[in-house]
Amino acid sequence: MLEIYQVDAFTKDKFKGNPAGVCPLQEWLPDADLQNIASELNLSETAFFVPLDNGFHLRWFTPTTEVRLCGHATLAAAHVIFSHLDYKANEICFKTNKVGELNVYKLDDAYQMNFPVDIPQAFSSNYINQLINTDVLECRVGTDDLLLLVRDHESVKNCRPNLEIMKSLEHRAIIVTAQGRDVDFVSRVFAPAVGIDEDPVTGSAHTVLTPFWAEKLNKKKLSATQISLRSGNLSCELNNDRVLLTGNAVTTIVGKIL
């Protein structure tokens, strides 16, 4: 039997933020088994990790595919290690297949993740204005995701995505963002190409959003809210070629895979 946890990330409250599956392993299962577990849980991502001499090897799967980087499931995995696996240190080093080392630090009441920055570049295409039902003021592209700047908080809140077009594109996700009312910026993230119509709170998207808004607002430390129905909050800091993302997490379900 395998232990399985469900953790709500980027929130202090159960049933908010972004739920992630976390499955600790002693050794890797076949990839098909990992994918089947993630599909069975049907959460936006499930994190799997195995112990190493100096940390953990970490991978992430959506219900349909393995992904290069996932923030909220990294936060969830760190929360499980710190809170449920009797881990004594205040820092975890995750080794990954495609983004190198990711360090997570336990703070007094939160966790801080150290991720590589993803500086988005100017981008144009004839499909941009077909993706959402509001005017796109600016478009940029990161390693995986497309970023669309819109007018204001309400435009992000009320935007309706064209999921069929989004699903056909090469971009992993479409980020819609604007300056916030009570925080520096807000966003929503749509990723039907990887089986997620709307992701509640997307840590990896903030590796793109942080340098974008740091440039726009001329500040290194930023507050952010992803205004999905579940919603979640992040503190973001641009630190040279890294992004520091800080958030909370809470365990909601503990169980076993038979």
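This note covers one helix, a run of three strands and the internal cavities of a predicted model.

1. Helix 5, which spans residues 206–217, is largely enclosed by the rest of the structure, because nine of its 12 residues are buried. The buried residues in helix 5 are His206, Thr207, Val208, Leu209, Thr210, Pro211, Phe212, Trp213 and Ala214. Asn218 follows helix 5 and has a positive phi, near 55°.

2. Strand 14 (residues 221–226) and strand 15 pair in the antiparallel sense, with six bridges between them, and Gln226 stands opposite Gly232 in strand 15. The two strands form a hairpin in which five residues lie between them, and Ser231 in that turn has a positive phi of about 60°.

3. Strand 15 also pairs with strand 16 (residues 242–247), again in the antiparallel sense, here over five bridges. Within this pairing, Leu238 has Val243 of strand 16 as its bridge partner. Strand 15 and strand 16 form a hairpin with two residues between them, and Asn240 in the turn has a positive phi of about 60°.

4. The side chains of strand 15 (residues 232–239) deserve a separate look. In a regular strand the side chains alternate between the two faces of the sheet. Along strand 15, Gly232, Leu234, Cys236 and Leu238 point to one face and are buried, whereas Asn233, Ser235, Glu237 and Asn239 point to the other face and are not buried. Leu238, whose partner in strand 16 is Val243, therefore belongs to the buried face in this alternating pattern.

5. Turning to internal space, the structure holds two cavities of 30 Å³ or more, and the largest cavity contains about 110 Å³ of space. Its lining comprises 18 residues, among which Glu45, Arg172, Asp199, Thr202 and Ser204 lie nearest the centre. Helix 2 (71–84), strand 12 (185–191) and strand 13 (196–199) each supply at least two residues of this lining. By class, the lining of the largest cavity has nine nonpolar, six polar and three charged residues.

6. The second largest cavity has a volume of about 50 Å³, and its lining consists of Arg68, Leu69, Asp118, Asp144, Asp145, Arg172, Ser204, Thr207 and Val208. These lining residues divide into two nonpolar, two polar and five charged. Arg172 and Ser204 line the second largest cavity and are also among the residues nearest the centre of the largest cavity. Thr207 and Val208, which line the second largest cavity, are buried residues of helix 5.

Terms used. Residues are numbered from 1 along each chain as its sequence is written. This is a predicted model: local features need pLDDT of at least 70, side-chain atom pairs count only at pLDDT 80 or more; totals for chains, interfaces and linings use all residues. Side-chain values use heavy atoms; hydrogens and water are left out. Buried means under 20% relative accessible area, exposed over 50%, partly exposed in between (1.4 Å probe, protein chains only). Helices (H or I, at least four residues) and strands (E, at least two) are DSSP runs, numbered from the N terminus. Two strands pair if DSSP finds at least two bridges between them. On a 1 Å grid over the protein atoms alone, a cavity is a set of points where a 1.4 Å probe fits but cannot get out, and a pocket is an open set with protein on both sides within 12 Å along at least five of seven lines; lining residues have an atom within 4 Å of a point. Grid points are joined across faces, edges and corners, and a volume is the space filled by probe spheres set on the points. Ala, Val, Leu, Ile, Met, Phe, Trp, Tyr, Cys and Pro count as nonpolar, Asp, Glu, Lys and Arg as charged, and the others, Gly among them, as polar.
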